[in-house]
Number of protein chains: 2
Amino acid sequence: MDIALVGFGSVGKGVAQVFSKKQNQLRQKYDLSFSFKGIFTSRGAFLDSNGLDLQSILNIRDLTAHSSWKNDLSFMESIDDLDVDLVIEVTPTNIDHGEPGKSHIISSIKKGCDVVTANKGPLVVAFNELQRLCRRGRCILRYEGSVGGGIPVFNLVRETLQGNTIHSLRGILNGTSNFILTQMTYERTSFESALKTAQELGYAEADPAADVEGIDAASKTVILANGLFGMNKGIDDVFIQGITKVTPEAIELAKNDNFLIKHIASIEDGQIEVAPRLIPVTSTLAVNGTLNVISLQTDLAKEITIIGRGAGGEETASAILSDVINIHCARTTLS
Amino acid sequence: MDIALVGFGSVGKGVAQVFSKKQNQLRQKYDLSFSFKGIFTSRGAFLDSNGLDLQSILNIRDLTAHSSWKNDLSFMESIDDLDVDLVIEVTPTNIDHGEPGKSHIISSIKKGCDVVTANKGPLVVAFNELQRLCRRGRCILRYEGSVGGGIPVFNLVRETLQGNTIHSLRGILNGTSNFILTQMTYERTSFESALKTAQELGYAEADPAADVEGIDAASKTVILANGLFGMNKGIDDVFIQGITKVTPEAIELAKNDNFLIKHIASIEDGQIEVAPRLIPVTSTLAVNGTLNVISLQTDLAKEITIIGRGAGGEETASAILSDVINIHCARTTLS
């Protein structure tokens with residue numbers, strides 16, 4: 001399998017690391033041999049038609065010093081000449097226009113490549129368009145890493161709950177806001193003080209708006225609504241309320257009655273929303289710190305809840321690897 | 001796909017109900033058409049080489065009055081004449097000798113049938129023997145329903161965490177003992193009183209030994225050790241301690257320090273055990289009532305926890321249905 005990796009931030013580096021580490025295991029267990037032909041960063045690309053040495057790229061301090069480095073070369077300029085089967089798209093998320101990921105994915109599909117992405121942007125703005133393009137081009141698009149980091153939710157439903165109808169979903173989809181609410185609950189601090197702690201620990205960005213205003217969680221909810229429930233929703237269809245107005249007093253009142261205030265995403269009866277909600281302390285949704293959780297109401301298995309780390313380079317790379325293996329297995333049995 | 005169903009208790013009836021209900025969905029979504037050629041109960045069998053009408057069997061009050069009924073006919077007597085691709089084995093569990101399930105499964109494999117089972121007995125006493133027979137006969141044996149009812153744990157690892165190495169596992173695998181400990185914790189009752197409540201609510205058997213002594217959870221742990229970790233363990237390899245000696249005083253002491261006492265199954269460093277353990281109230285293992293939970297420590301996705309109902313006819317049938325669909329898809333792409 002010849003692969004192009006587009007995006008080389010923490011997730012892209014995680015992908016390179018994980019594929020490098022798992023090379024032998026993938027060959028032995030899944031008969032999957034792979035070769036990275038191109039790795040595209042924001043400043044240029046590594047290109048080698050014989051396959052890049054991932055470890056040498058991961059180890060080098062000055063990327064431009066690498067023998068395969070091409071300054072300023074972009075994926076869009078290169079795609080016509082790239083000889084790859086699969087594109088892994090992990091550039092930064094933009095949920096207003098989905099770029100540059102959206103163009104990367106569309107060009108890849110039009111070229112006949114399968115695509116694995118963890119980039120929420122293209123999925124939020126163009127989910128059904130991308131699915132249509134895939135059907136027409138007989139390509140496979142997978143996006144397990146776009147929601148819940150290493151938590152397998154799309155593959156869980158597709159591969160392990162196949163006979164079930166999913167009625168509804170509730171979950172916590174943003175680790176930063178969950179960390180802040182957890183701090184406010186157990187350390188009895190204000191929102192501002194908890195946010196500062198989150199920033200000091202590297203859990204929150206300097207501009208935390210996307211996390212604490214609920215935009216990030218809402219984006220993931222849109223992808224879940226379209227991917228698991230076959231809906232056709234955009235970010236404007238989500239009722240969004242952030243956690244910036246949650247007070248220590250409200251949390252204390254809730255605690256006195258054995259409730260927690262959690263930032264809950266939900267998809268129910270065609271309605272999708274992200275908002276602070278009261279949750280019993282004994283609920284399976286009552287997970288703390290930076291954990292994410294997704295709880296599915298199904299007709300046969302009833303409620304199935306899955307918990308894990310919602311972010312992290314290696315965790316997200318785990319989801320991407322799972323998608324790549326699934327595509328490899330599907331392609332092998334089809335050929 | 002021609003199917004024989006062996007065992008017609010709550011799980012067997014759940015299987016018949018679920019397959020009947022999902023008939024159209026299975027045809028449309030997975031191109032899976034099926035026909036039940038035989039259903040075997042402890043008192044006789046329903047046989048029809050043209051396929052049984054599941055609903056008519058589920059609706060009838062006196063089984064022997066059904067036109068397809070054969071009094072006293074057993075699966076072992078019938079197997080040579082049965083023209084089926086797949087056997088669903090859901091007779092009662094016996095973990096001492098594994099019978100009658102073990103013989104049913106071995107005969108089915110020898111005849112070239114794929115097997116789906118939720119019966120712990122044969123898996124506890126003969127896991128690796130059954131796997132060897134399957135490899136030799138090119139048959140598939142699946143057993144998702146044997147652990148955790150409707151919770152997909154084997155398929156979760158196989159189909160959604162493929163690139164990951166599983167380092168260790170902890171979980172709560174018996175709903176009855178979890179219900180009793182939950183009652184003791186939140187209602188502050190004695191073990192005996194909580195057991196009585198569990199029996200009144202139908203959560204515990206008249207003879208609750210297998211649940212409260214940890215034998216049932218230990219059986220499931222053996223299956224997890226062999227199925228997920230490639231071990232070769234039997235029930236005698238498990239360190240087992242029941243919950244009968246847990247006192248309300250111990251639970252109260254734990255609570256004062258924000259811990260719960262839970263009946264924890266664990267597989268770690270080659271050691272497997274089931275015993276009462278202290279768990280922080282904020283742990284993802286701190287699930288209550290009759291819920292089951294399984295938490296996996298993996299190298300890439302880190303800790304992944306899945307929670308759901310560990311028992312119930314329809315829940316277990318959900319796991320069986322998932323196994324049947326997986327086998328159907330594997331067989332379709334192989335042919």
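Start with B:Asn258, which has 10 C-beta neighbours inside 10 Å and so counts as exposed; the cut-off for that label is 12 or fewer. This is a predicted model, so keep that in mind as you click through. B:Asn258 sits in the loop that runs between α11 (248-256) and β10 (259-268) of chain B. Its backbone is a bit unusual: phi is positive, about 65°, although the residue is not a glycine. For context, most residues other than glycine have a negative phi.

There's another residue of this kind in chain B. B:Asp72 isn't a glycine either, and it has a positive phi of about 65°. You'll find B:Asp72 in the loop between β4 (69-71) and α3 (75-78) of chain B. Buried or exposed, then, for B:Asp72? It is exposed, because just 8 other C-beta atoms lie within 10 Å and the label applies at 12 or fewer.

While we're on backbone oddities, have a look at the peptide bonds. Most peptide bonds are trans. The one from A:Glu99 to A:Pro100, however, is cis, with omega near 5°. A:Pro100 belongs to the loop between β5 (86-89) and α4 (101-110) of chain A. Chain B has a cis bond as well, joining B:Glu99 and B:Pro100, with omega about 5°. B:Pro100 is in the loop between β5 (86-89) and α4 (101-110) of chain B.

Now for a loop residue with a busier neighbourhood. B:Gly148 lies between β7 (141-142) and α6 (154-160) of chain B. It has 29 C-beta neighbours inside 10 Å, so it counts as buried; 20 or more is what it takes. Which residues does B:Gly148 touch, leaving aside its neighbours within four places in sequence? The contacts are B:Val153, B:Leu173, B:Asn292, B:Ile294, B:Gly308 and B:Gly310. As for B:Gly98, 50 residues away along the chain, its C-alpha is separated from that of B:Gly148 by 19 Å.

Next, the helices. Two packed helices are described by the angle between their axes and the distance between the axes. Take α5 (residues 120-137) and α10 (residues 215-229) of chain B: their axes come within 9 Å and cross at roughly 40°. That angle makes α5(B) oblique to α10(B), since it isn't under 35 degrees, where roughly parallel would apply, and falls short of the 65 to 115 range for roughly perpendicular. The crossing is left-handed. On the α5(B) side, the contact is made by B:Lys120, B:Leu123, B:Val124, B:Phe127 and B:Asn128, while α10(B) brings B:Ser219, B:Lys220, B:Val222, B:Ile223 and B:Asn226. Sorted by class, that gives five nonpolar, three polar and two charged residues.

A second pair in chain B is α7 (residues 175-186) with α8 (residues 191-200), which pack at an angle of about 125° with their axes 9 Å apart. That makes α7(B) oblique to α8(B). This crossing is right-handed. Here α7(B) supplies B:Thr176, B:Phe179, B:Ile180, B:Gln183 and B:Met184, and α8(B) supplies B:Phe191, B:Ala194, B:Leu195, B:Thr197 and B:Ala198. What's the class make-up of the contact of α7(B) with α8(B)? There are seven nonpolar and three polar residues, and no charged ones.

Finally, zoom out to see both chains. How many residues of chain A are in contact with chain B? The count is 35 residues of chain A, in contact with 35 residues of chain B. On the chain A side, the elements giving two or more residues are α1 (10-30), α6 (154-160), β13 (303-309) and α12 (313-334). The top contributor is α12(A), with eight residues. By class, this side of chain A divides into 14 nonpolar, 14 polar and seven charged residues.

How do the two copies relate? A rotation of 180° with 0.0 Å of shift along its axis superposes chain A on chain B, with an RMSD of 0.0 Å. That is the relation of a two-fold axis. To find the axis in chain A, head for A:Ile306, whose C-alpha is the nearest to it at 2.2 Å. The interface fits in with this: 100% of the interface residues of chain A are also interface residues in chain B, so the copies meet through the same surface.

Key:
Residues are numbered from 1 along each chain as its sequence is written. Chains are lettered from A and ligands numbered from 1 in the order in which they are written. This is a predicted model: local features need pLDDT of at least 70, side-chain atom pairs count only at pLDDT 80 or more; totals for chains, interfaces and linings use all residues. Axes are lines fitted to C-alpha atoms, for helices over the stretch in contact, and angles run from 0 to 180 degrees between N-to-C directions. Helices (H or I, at least four residues) and strands (E, at least two) are DSSP runs, numbered from the N terminus. Angles under 35 degrees count as roughly parallel, over 145 as roughly antiparallel, 65 to 115 as roughly perpendicular and the rest as oblique. A crossing is left-handed if the near helix is turned anticlockwise from the far one by less than a right angle, and right-handed if clockwise. Two residues are in contact if their C-beta atoms, placed from the backbone, lie within 7 Å. Ala, Val, Leu, Ile, Met, Phe, Trp, Tyr, Cys and Pro count as nonpolar, Asp, Glu, Lys and Arg as charged, and the others, Gly among them, as polar. Copies are superposed by least squares on the C-alpha atoms of residues with pLDDT of at least 70 in both.
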